[in-house]
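Reader: Hi! Could you walk me through one part of this model in detail, starting from its surface charge and moving on to the salt bridges?

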Amino acid sequence: MKISEIIKATNSVVIKELEKALAVNISTDTRTIQEGDFYLPLKGASFDGEKFVSQAIEKGAVGVFVTQDTEINMDCCILKVEDTLKTYLELANYRRNKFNPIVVAVTGSSGKTTTKELVSSVLSEKFRTFKTPLNHNNEIGFCQTVFEAPCDTEVLVLEMGMRGLGEIELLSKYSEPDITIIANVGTAHIGRLGSRENIAKAKCEIVKFQRGNTFIAHNDELIKQTVDFNGEKIYYSINDVKILEKSTHYSKFEYKNNIYELNVGGDYNIENALSAINTGIKLGLTIQQIQEGLKKYHPIEKRWEAVSSGGYEIVNDSYNANPESMRAFADTIFELYDNYVLVLGDMGELGDNEVKYHKQLGQYINGHKLLKPETIVISVGNLSENMTNEISNCKAIHFDEISDAVKYIKSDIKQSEKIFLKASRSMKFEKIIEELGRE
């Protein structure tokens, strides 16, 4: 961006001027800043990037943003703004509109990262597509994604996360989506928002500043009652599908008279794929292109990731966990596998009813029609004991620490048993894989 564009986009006060035609990159980190960059200091509860303005200039920054009147006796451009995060969002919005890709915005209580990956895989068959990396789905992640996207990007697929009301609305405002997708409304973050109704309200903020005409969502009455959108609404669910084949790492299904394949198992993955199919259709892809895009999809790390460690075959799905995704996880395993051990950890951010939700999950597993008496369920963490306490129709055992669970697996679980890991990210279940691999 030229410095003149930066001034225009942010309506900043020019304290010290530099050549306005100079083109620069925006940097928010003095550890990685390059000579010729323009430094934008972000602020948070435990950090203040403005303290490192001088360091940024010493490393070659040609300009800096500040929020207070300051004297910098160095040859650089100085722009004053009230709020540097807002400034970052304004700059991202300016760039978003400058190269003007089709923006597809994705949210959901669970499955939003998988849906984003599926949509991106499909749309890449026709368009130069760029997507939110990993789960960088907050305001800063949005800005980083926009600035990392190549100038010739034709479709930008954005994942939008939230922890409270107003956050997705903010992302919608600065991204101005053309197509919006809500994968589902569950109980993730219910501890902060208090009810599914409030979660639905927060998720449906995604359409607030939508400029395109298509909204795609899971067929949920709560979403239908909540969303305020006058454009085309497309709803989907697993009930719209005829499943032709299912195995541990493969799905084949018919949807709207066409057959699709996925290299992953689980009904929830099929359901997430429906949003990608509908997005592809709206953007003019052929059915063959959509079919090819779905077949090329592979799960990212910690999402149904098949690994080997210490002689054990492990499926790691510990990227995140909430009551809905835990039940879907159990459904898939009970239906598709014979010899398995479930290792389940705490589900985070469930608020005052966190004990109840863990108990309900245990009751769901215990009463599952496909639960085998020889199944072993291991729980790890402070809350998950409430789950295994409810399980009596198979062996259920609890450990407070990962190290104790690993010792038990090594001493009591045969290597012929496949191990499935599921927990909130804060549980750091990757340590189970690491410790199993140690002698």
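**A negative patch and its surroundings**

Author: Happy to! Glu 385, Asp 400, Glu 401 and Asp 404 together form a negative patch on the surface. Please keep in mind that this is a predicted model. Glu 385 sits in helix H14, which covers residues 385-388. With a relative accessibility of 35%, Glu 385 counts as partly exposed, because the partly exposed class lies between 20% and 50%.

Another member of the patch, Asp 404, brings us to helix H15, which spans residues 402-412. Which residues of helix H15 are buried? They are Ile 402, Ala 405, Val 406, Tyr 408 and Ile 409. These residues lie on the same side of H15, because the arc they cover around the axis is only 160°. Lys 407 and Ser 411, by contrast, are exposed on the other side of H15. In general, an α-helix has 3.6 residues a turn, so residues three or four places apart point the same way.

Ile 402 deserves a second look within helix H15. Its relative accessibility is 12%, so Ile 402 counts as buried, the limit being under 20%. Ile 402 also has a partner from another stretch of the chain: its C-alpha atom is separated by 6.4 Å from that of Val 380, although the two are 22 residues apart along the chain.

Now to the salt bridges. How many salt bridges does a search of the whole structure find? The search finds 23. One of them joins Glu 5 and Lys 98, with 3.0 Å between the closest N and O atoms. This pair links distant parts of the chain, since Glu 5 is in helix H1 (residues 3-10) and Lys 98 is in helix H3, 93 residues apart. The two ends also fall into separate classes of accessibility: Glu 5 is buried, with a relative accessible area of 13%, whereas Lys 98 is exposed, at 53%.

Glu 50 and Lys 43 form another salt bridge, with an N to O distance of 2.7 Å. Here Glu 50 is buried, with a relative accessible area of 16%, while Lys 43 is partly exposed, at 38%.

A further salt bridge stays within one helix. The side chains of Arg 327 and Glu 324 meet at 4.0 Å, N to O. Both residues belong to helix H12 (residues 323-336), where they are three residues apart, about one turn of the helix. Arg 327 is partly exposed, with a relative accessible area of 27%, and Glu 324 also counts as partly exposed, at 23% relative accessibility. Beyond such pairs, a network of salt bridges links Lys 116, Glu 117, Lys 131 and Glu 159.

You may also like a note on the backbone. Most residues other than glycine have a negative phi. Asn 100 has a positive phi, near 50°. Asn 100 is placed in the loop between helix H3 (84-99) and strand S6 (102-107), and counts as partly exposed at 44% relative accessibility. Lys 428 is not a glycine either, yet has a positive phi of about 55°. Lys 428 lies in the loop between strand S20 (418-422) and helix H16 (430-436), and is partly exposed at 42% relative accessibility.

Note on methods. Residues numbered from 1 in each chain as written. Predicted model: local features only at pLDDT ≥ 70, side-chain atom pairs only at ≥ 80, totals over all residues. Heavy atoms only, no water. Patch = residues over 30% accessible without salt bridge, like charges linked within 9 Å, V, L, I, M, F, W, Y side chains within 5 Å. Areas by Shrake-Rupley, 256 points an atom, 1.4 Å probe, with all protein chains shown as cover. Lys, Arg positive; Asp, Glu negative; His and termini not counted. Charge placed at Lys NZ, Arg CZ, Asp CG, Glu CD. Helix = DSSP H or I, 4+ residues; strand = E, 2+ residues; numbered from the N terminus. Buried < 20%, exposed > 50% of the residue type's maximum accessible area, 1.4 Å probe, protein only. Arc of directions from axis to C-beta.
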